[in-house]
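User: I'm new to this one, so could you take a close look at a single part of it for me? I'd like to hear what sits against what there, and how that part fits in with the rest.

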Amino acid sequence: MEFNNLHEVLHSLYDEMMPLSADMAAVAKSLAGLGALFYVALKVWQALSSAEPIDVYPLLRPFALGLCIMFFPTMVLGTLNAILSPVVKGTHSILENQVLDLNALQQQKDQLEREAMLRNPETAYLVSDEEFDKKLAELGWSPADLVTMSGMYMEREMYGVKKEIRDGFREFLEILFQSAALVIDTIRTFFLIVLSILGPIAFAISVWDGFQSTLTQWLTRYISVYLWLPVADLFSAMLSKIQSLILQKDIESLSDPNFIPDSSNTLYIIFMIIGIIGYFTIPTVTGWIIQAGGAGNFMRNVNQTTTKTGNIVGAGTGAVVGNIGGRLMK
C-alpha cells in the first residue's frame with residue numbers, strides 16, 4: 001500500500017469515527033443541564049442579593065452551549081471542518097503543483113546526465129551496453145588489451161555497485177521522509193478523534209462557572225491540530241521548490257558540453273534529512289498561528305529530540321549547506 005493511500009485511510013478513519021461524538025452527547029447533556037441549573041441559580045441569587053436587576057443575556061450562555069451539545073457533529077464539527085477544509089485543499093494543491101514540477105525537472109536532469117556521460121568516451125561505456133561492447137571490440141587479445149579489458153569490467157561493476165548503494169540509500173531516506181509525514185498525520189488524526197468524541201464533555205464542563213476557559217482551550221487545540229496537515233503540505237512544497245531551483249541550476253550546467261556531472265546526489269540527501277527533522281517542528285509552527293494550550297508533553301519531547309538531532313546533523317552538514325546557498329546565489 002502506498003503512503004498516499006495510508007493518508008486516505010486516516011482521513012476515512014476520522015470521518016467514520018466523528019459520529020461517535022453523538023454518543024457522548026447524552027452524558028454531556030446531563031452534565032451541562034446540572035451545570036446550567038447551578039449557573040443560572042448563582043447569577044440570579046447574586047442579582048437578588050445585591051438588589052440589582054437580573055441580566056438575562058449572560059444566562060443565555062448555558063442554553064447556547066446546550067444547543068451545541070445536542071447538535072455537536074453537525075453544528076460544531078461540521079462548521080469547523082467546513083471553514084478549515086478549504087485551507088487543507090488549497091495547501092494540498094500547492095504541494096501537488098510543486099511535486100509535478102519537481103518530477104519533470106528530475107526526469108530532465110537524469111536524461112541530461114546520461115547524455116553528458118555518453119558524450120565522454122571515458123564514461124560512456126559505464127552507462128551504455130552498446131558503447132561497452134564497441135570498446136571491447138576495439139581491443140585485441142594482447143596482454144595489455146586483456147588488462148585493459150579486465151579494468152573495464154571492474155570499473156563497470158564498481159560503478160553499478162556504487163549506483164545501487166546510492167539509490168538504495170536515497171530510497172531509504174525517501175521512506176523515512178514519507179514515514180515522518182505519516183507519523184504527523186497519524187498523531188493529528190488521533191488528536192482530532194479524541195477532541196471530537198470528547199468535545200461534548202468539554203462543552204458541558206464549560207457551562208459550569210469557573211470552567212469557561214475549557215471551551216476556548218478546546219477550540220484552539222482543535223484548530224491548531226487541524227492545521228498540522230496544511231502546514232506539513234506547505235513545508236513539503238517549500239522543500240520541493242528548493243529542490244526545483246537546484247535542479248534548474250544543474251540543468252543549466254549540464255547544457256554545457258564540457259561539464260562533468262556529479263551523480264552523488266549529496267544535495268538531495270541533505271534536504272531529505274532536513275525534511276525529516278523539519279516535519280517534527282510542525283506542531284510548534286501551528287502553535288504560532290493560533291495560541292493553543294499545547295498537545296501535552298509528547299510533542300514537547302518530540303521537539304526537544306528533534307532539536308538535539310538537528311544539532312548533530314547540522315554539525316556534519318553545515319559546510320555542504322553553505323555550498324547549497326552558494327550555488328543558489330550564483
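Analyst: One term up front: a residue is buried when its relative accessible area is under 20%, exposed when over 50%, and partly exposed in between (1.4 Å probe, protein chains only). By that yardstick D185, at 1% relative accessibility, is buried. Bear in mind that this is a predicted model, where local features need pLDDT of at least 70 and side-chain atom pairs pLDDT 80 or more, while totals for chains, interfaces and linings use all residues. Residues are numbered from 1 along each chain as its sequence is written, and side-chain values use heavy atoms, with hydrogens and water left out.

Here's the setting. The protein has 14 helices and zero strands (DSSP runs numbered from the N terminus, H or I of at least four residues for helices, E of at least two for strands). Of its 330 residues, 37% are buried. Among contacts (heavy atoms within 4.5 Å) with a separation of 6 or more, 82% link residues 24 or more positions apart.

The part I'd zoom in on is helix 2, residues 21-49. Its axis comes within 10 Å of the axis of helix 4 (residues 61-70), and the two cross at roughly 175° (axes are lines fitted to C-alpha atoms, for helices over the stretch in contact, with angles from 0 to 180 degrees between N-to-C directions). That makes helix 2 roughly antiparallel to helix 4 (over 145 degrees; under 35 is roughly parallel, 65 to 115 roughly perpendicular, the rest oblique). On the helix 2 side the contact uses A25, A28, K29, A32, A36 and Y39, and on the helix 4 side P62, I69 and M70. Sort those residues and you get eight nonpolar, no polar and one charged (Ala, Val, Leu, Ile, Met, Phe, Trp, Tyr, Cys and Pro are nonpolar, Asp, Glu, Lys and Arg charged, the others, Gly among them, polar).

Helix 9 is another partner. The axes of helix 2 and helix 9 come within 8 Å and cross at roughly 0°, so these two run roughly parallel. From helix 2, S21, M24, A25, V27, A28, L31, A32, G35, A36 and Y39 take part, meeting P200, I201, A204, I205 and V207 of helix 9. This contact splits into 13 nonpolar residues, two polar and no charged.

How does that tie in with the rest? In soluble globular proteins, nonpolar side chains tend to be buried together. The largest nonpolar core here has 52 residues (a core being buried Ala, Val, Leu, Ile, Met, Phe, Trp, Tyr and Cys residues joined through side-chain atoms within 4.5 Å). I69, from the helix 4 contact, is listed among those with the most contacts inside this core, along with V76, F203, W218, Y222, W228 and Y279. Helix 2, helix 4 and helix 9 are among the elements giving two or more residues to it, and helix 8 gives the most, with 11. Y279 touches F177, A180, A181, I184, A232, F235 and S236, leaving out residues up to four places away in sequence. There's also a second, separate core of five residues, L105, L112, L247 and I251 among them.

Back to D185, which belongs to helix 8. Beyond its neighbours within four places in sequence, D185 contacts H7, L10 and H11. For contrast, V285 sits in helix 13 (residues 282-289) and is partly exposed, at 27%.
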